Amino acid sequence: MTTALQPGVVGAPPALEAAGIVKHFDGVLALGGAGLSVRRGEIHALLGENGAGKSTLIKVVTGLVAPDSGEIRRDGEEVRFSTVRAAHGAGVVALYQELSIVPTVSVAENVLLGEETPSRGGVVSWRALNQRAGEQLARLNQRIPLRKLAGELSPVQQTMVAVARALATDARVLILDEPTASLTDTEITDLFAVLRRLRDEGVAIVYVSHRLEEVFELCDRLTIMRNGETIVTKPIAETTIDEVISTMVGRPHGLLYPARDTATSEVVLEVSGLTGSRVADVSFRAHAGEVLGIGGLAGSGRSELLRLLAGAQKRVSGAITVAGHELPHSLGVGRALDAGIALVPEERRSQGVILGDSIQDNIAVANLPAVSRAGWVSNRAIAKIARSALADLQIKARGPRQAVGHLSGGNQQKVVLAKMLSRRPRVLLMDEPTRGIDVGTKAEIYRLIRRLAANGTTVIAVSSELPELIGLSDRIVVVHEGRVSGEVPAADADEETLLSYCYGRTA
Amino acid sequence: MASTEAPAAVAPAAATERTPFSQHLWQAGTVLALIALIILFGALRPEAFLSFGNVRNILAQIAILAIIAAAQTVVMVVGDFDLSVGVTATLAGATAAALMGDGTSIPLAILAGLVVGTLVGVVNGVLVAYMNLSAFVATLATLTSVGGLAFIVTGGTTLYGMPESFFSIGQSRPFGIPLPIFFAVIVAVAVWVVLRFTTLGRRWYAVGGSAEVARLSGVNVRLARFLAFTVAGFLSAIGGIILVSRLGSASATSANNYMLLAVAAVFLGMTILRSGAANVGGTLVGVGIIGVMSNGLNIVGVSTYFQQVLTGIIIIAAVTLSALKSRDR
């Protein structure tokens, strides 16, 4: 057993150690000297904000991504994993929530997947297969019917099957990425019992999670990353949740945000009891000229909230009122647009623009009523709208007929904006308005948002970048697991408060 | 689709964007292939191939294919495809023929054929757009069932006994040009106008470009896909009825072969646009290639079996070339 202050096996070299890992993607620094050191017999939390570099680091130590430089040591010996298979061979296995099992084959086959299938002369020996799979599951104290299809199992059972498979390949370092995201409380308790058991058997476990309470309940030590660097590694017993949050935050404000003070007291959008997939009982008001920021972790329901408002997703209950008029229950994007709500979606390339089509055709799709009469489209009207949008938003293109796929990310985003702004919306919803955009264009889009607000538009922006949320908004609402977990005026907001709301610690 | 509809030969938009010459060659490739075929057969058998009678013959042969390929074009513009256009044409023609054989008036029988074909399109549209079946599964199922219905309607035999005046639709020659050619031109122009100048056409192209982008832009994607299949059913029925009139008889499989040829024609036509979208102009070029090849090979004396083999090879070549082209981009 381990003690709180010196968890894991201390005398021996670490089960897995990564040091000075540097990795660029397309010239952008993803990891700049990241490290991780996990001992045998400990559960080690890997923490950091979205984009801090956790996933990249995991990909490096499991052979999915080759680092530019840096060292990886397994039980003290330097190793180089060129493939996932090589990492498996050295006993390093990562489990991802979605990709872990094959739903259409039996539990037993899943447990032994990737191993030599027991067979005699090419015919599968089911008895041997089931027996060996059963042994692995028994190690985890799990009673799961071996012949059942894995897809019919509950989420926790599927996780267990994935863990059993990792153990079957003799994993000594087990990396779990958000394993509890879809589990209930009792299932989480089950999973934790299994993980503690494995720890006591000497397995090194890396546990990646956004749920800090769980981390403090389960883990022995933690490593915090920020901006692609490892900031600190320390025993859980020597820190607090608040300290962890303030370590995870702490980037300088790198951008100039335009001045606020355009908000009025005129209520334009009123949402009450809004409920749908991943969104539960959300109520708030937004005013003319206001920029309302929506914060929350990935998967918190922030994007779904915008999609519900835009009519892009089915509403279960609740009311949406725009300028005093309640919108019909079965909304649909077309009706929402007619009512003055427009959405600039999260995924630009798959949701925002048709890459093969021209700028003007992309803009026209959302503006057919304005460019047609009795079903007949006027190409002249389309060109006119497109030309004024190019000038208005300073889109850098050869002309309105250029294919959107040839534009830079920032200019593509401007085309999406142009498409929606041509509808002259009263409420503009923006999901991650500056994702994947260069700094210069970011500042342009911030100014544009504030210009719209000054003209009386209500802007509601979701962002996972806290500095952006604070710099851009007048007021910030934070959602956690589909519910509003906090609301602050941006002038009083700091990243620590917001992040603690993001983690569901209500004020 | 102002920039995407322009035939490759003119393509003014492409020129202002400094498209490299090789790109033009790619796009013009399909048109050049058609011209090359004409020159080839013309050189091999100038007296038989280039005669007025033979040209008229080719046009008459491809008129019905052009109509059914226009139907397929509409469905492929929205990013789906319809395996049932051939059997739908067959069933529509057989229905009209059977009713006329039983003494129903010509206009009423034609109307019934059109209604039946449109209904098949409605069923396809409901299955694909509202019940979320893949177009492949849905239209494969209707291909099978509608094919069976055609056998039931004809009783498995070939139907004759339609009134003489009905035959004028497919066989008369105003100004010496077979009437089906006029019908084909009307259908092609109508589809072209709808695709290019109406909000419906814009919606269809947007859905084909990206259904999710279209939906988030306020387009009723389900309705658009439903209408595309419905229109395809209606147009196929027109083709099927004209075919019965031209042949003077209706069998249980008379128009079935047109499905594959129509798909081939649309694929060939998609290569002439940089965006690779289905378009009427390109489809007509594709129809021309298929018609000229079939006719020319007949004259040269190649068997119809071999022509079928060649059709498959041409589809593969066209799709491979357009894939290469989009990879270059």
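**Exercise 1. Contacts and burial in chain B**

Task: For the contacts in chain B with a separation of 6 or more, state what share comes from residues 24 or more positions apart, and describe the secondary structure and burial of chain B.

Solution. In this predicted model, residues 24 or more positions apart supply 76% of the chain B contacts that have a separation of 6 or more. The secondary structure of chain B consists of 16 helices and zero strands. The chain has 329 residues, of which 53% count as buried.

**Exercise 2. Helix α15 of chain B**

Task: Check the span of helix α15(B) against the expected value, then state how much of the helix is buried and what follows it.

Solution.
- Step 1. Helix α15 of chain B covers residues 280–300, which is 21 residues.
- Step 2. The expected span is 1.5 Å times one less than the number of residues. For α15(B) the expected span is therefore 30 Å, and the end C-alpha atoms are 30 Å apart, so the two agree.
- Step 3. Of the 21 residues of α15(B), 17 are buried, and the helix is thus described as mostly covered.
- Step 4. After α15(B) comes B:Gly301, with a positive phi near 100°.

**Exercise 3. The side of chain B that touches chain A**

Task: Which elements of chain B give two or more residues to the side that touches chain A, and how do the residues of that side divide by type?

Solution. The contact involves 23 residues of chain B and 28 residues of chain A. On the chain B side, the elements giving two or more residues are α1 (2–5), α11 (199–209) and α12 (211–216). The residues of this side comprise 10 nonpolar, nine polar and four charged.

**Exercise 4. Domains of chain A**

Task: List the assigned domains of chain A and give the separation between the centres of domain 2 and domain 4.

Solution. The domain assignment places 13–91 + 174–248 of chain A in domain 1 and 102–171 in domain 2. Domain 3 is 266–340 + 425–507, and domain 4 is 354–422. Taken over C-alpha atoms, the centres of domain 2 and domain 4 of chain A are 54 Å apart.

**Exercise 5. The sheet containing β3 of chain A**

Task: Work out the strand order, the edges and the helices lying across this sheet.

Solution.
- Step 1. The sheet is open, with six strands in the order β6-β9-β10-β3-β11-β12 (chain A) and mixed pairing.
- Step 2. At the edges are β6 (92–95) and β12 (229–235) of chain A; each has a single partner strand, so one side of each lacks a neighbour in the sheet.
- Step 3. On average, neighbouring strands of this sheet are turned by 20° against each other, direction ignored.
- Step 4. Strands β3 (43–47) and β10 (204–208) of chain A run parallel and are joined by four bridges. Opposite A:Ala45 stands A:Tyr207 in β10(A).
- Step 5. Helix α6 (185–200) of chain A lies across β3, β9 (173–177) and β10, at about 145° to β10(A). Helix α8 (241–248) of chain A lies across β3, β11 (221–226) and β12, at about 25° to β11(A).

**Exercise 6. The sheet containing β15 of chain A**

Task: Carry out the analysis for the sheet of β15 in chain A.

Solution.
- Step 1. Six strands of chain A form an open sheet in the order β18-β21-β22-β15-β23-β24, with mixed pairing.
- Step 2. Its edge strands, β18 (341–344) and β24 (483–489) of chain A, each pair on one side only.
- Step 3. From one strand to the next, the twist averages 20°.
- Step 4. Strand β23 (475–480) of chain A is antiparallel to β24(A), with six bridges between them. A:Val477 has A:Glu487 in β24(A) as its bridge partner.
- Step 5. Helix α18 (495–502) of chain A packs on the sheet and touches β15 (291–295), β23 and β24; its direction makes about 30° with that of β23(A).

**Exercise 7. Three residues of chain A**

Task: Classify A:His287, A:Glu178 and A:Ala374 as buried, partly exposed or exposed.

Solution.
- A:His287 lies in strand β14 (279–287) of chain A. It counts as buried because it has 20 C-beta neighbours inside 10 Å, and 20 or more is the cut-off for a buried residue. Beyond its neighbours within four places in sequence, A:His287 has contacts including A:Glu266, A:Val267 and A:Thr458.
- A:Glu178 lies in the loop between β9 and α6 of chain A. Its phi is positive, near 45°, though the residue is not a glycine. With 16 C-beta neighbours inside 10 Å, A:Glu178 is partly exposed.
- A:Ala374 lies in the loop between β19 (372–373) and β20 (376–377) of chain A. Its phi is positive, near 50°, in a residue other than glycine. A:Ala374 counts as exposed because it has 6 C-beta neighbours inside 10 Å.

Notes
Residues are numbered from 1 along each chain as its sequence is written. Chains are lettered from A and ligands numbered from 1 in the order in which they are written. This is a predicted model: local features need pLDDT of at least 70, side-chain atom pairs count only at pLDDT 80 or more; totals for chains, interfaces and linings use all residues. Domain bounds come from an automatic or database domain assignment. Two strands pair if DSSP finds at least two bridges between them. Axes are lines fitted to C-alpha atoms, for helices over the stretch in contact, and angles run from 0 to 180 degrees between N-to-C directions. Two residues are in contact if their C-beta atoms, placed from the backbone, lie within 7 Å. Ala, Val, Leu, Ile, Met, Phe, Trp, Tyr, Cys and Pro count as nonpolar, Asp, Glu, Lys and Arg as charged, and the others, Gly among them, as polar. A residue is buried if 20 or more other C-beta atoms lie within 10 Å of its own, exposed if 12 or fewer, and partly exposed in between; C-beta atoms are placed from the backbone.
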